[in-house]
Amino acid sequence: MIDAELVSNPQATGNMRWYVIHAYSGMEKSVKKGLEERINRSGMPEKFGRILVPSEEVVEIKSGQKSVSERRFFPGYVLIEMEMTDESWHLVKNTPKVTGFVGGVRNRPSPISTAEVTKIMDQMQAGVDKPKPKTLFEVGEMVRVKEGPFLDFNGNIEEVNYEKSRLRVSVTIFGRGTPVELEFGQVEKM
């Protein structure tokens, strides 16, 4: 979930700036947790601010059941608000599953702009406010019905309703196009 305070104030505080850390893909949350623990043990929490794994919520339909899961915008990357010193740089760089910083020179990474952080926050908030479907359908696209009374029929999408997770598909029955209402989980792209 996204921190409401973070959305309202993506601006870094004091001497802190936002930096991007490269981590092993799929290990972003573990890196965040590891950083939080190391920062607390280090005796220099005043040099660190917020840590962010940019992600959004997506709606999946499996076996007719809707489930909400999380999808990362930038797999393998973590944002951290910090004051860049030799000590803080070493703490982050030597955290397990961190491969380094993005941008700048070898031992002096460059911060990202507040505008970039704001854009990421806006994307995250939009994903929380209205989760996106995992599979996107488009009008005119061909699909195959994979369950229900029209099993194995092919058809063209005539209308997509993301709010209800439903499609209107024109399937050919006895030589005539017939509109049929189906749920996202009842069809697959061809």
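Begin by selecting Lys47, which is buried, with a relative accessible area of 18%, where buried means under 20% relative accessible area, exposed means over 50% and partly exposed lies in between, for a 1.4 Å probe and protein chains only. The model is a predicted one, in which local features need pLDDT of at least 70 and side-chain atom pairs count only at pLDDT 80 or more, while totals for chains, interfaces and linings use all residues. Residues are numbered from 1 along each chain as its sequence is written, and side-chain values use heavy atoms, with hydrogens and water left out.

Stay at Lys47 and show its surroundings: the residue lies in the loop between helix H2 (28–42) and strand E2 (48–52), where helices (H or I, at least four residues) and strands (E, at least two) are DSSP runs numbered from the N terminus. Leaving aside residues up to four places away in sequence, Lys47 touches Met16, Met82, Glu83 and Thr85, a contact being heavy atoms within 4.5 Å.

Next, select the sheet. Four strands form an open sheet in the order E2-E5-E1-E6, with antiparallel pairing; two strands pair if DSSP finds at least two bridges between them. Because E2 and E6 stand at the edges, each with a single partner strand, one side of each is left without a neighbour in the sheet. E2 pairs with strand E5 (residues 77–82) over three bridges in the antiparallel sense, and Phe48 stands opposite Met82 in E5.

Now add the helices. H2 lies across E1, E2, E5 and E6 and runs at about 165° to E2, with axes fitted to C-alpha atoms, for helices over the stretch in contact, and angles from 0 to 180 degrees between N-to-C directions. Helix H3 (residues 86–93) also lies across E1, E2, E5 and E6, running at about 145° to E6.

Finally, look at the aromatic rings. The structure holds three aromatic pairs, counted for rings of Phe, Tyr and Trp (its six-membered ring) with centres within 6.5 Å, and called stacked for planes under 30 degrees apart, edge-to-face for over 60 and tilted for the rest. In one of them, the rings of Tyr19 and Phe101 have their centres 6.2 Å apart and their planes at 80°, so this pair is edge-to-face. It links Tyr19 in strand E1 (residues 17–23) with Phe101 in strand E6 (residues 98–101), 82 residues apart, and both Tyr19 and Phe101 are buried.
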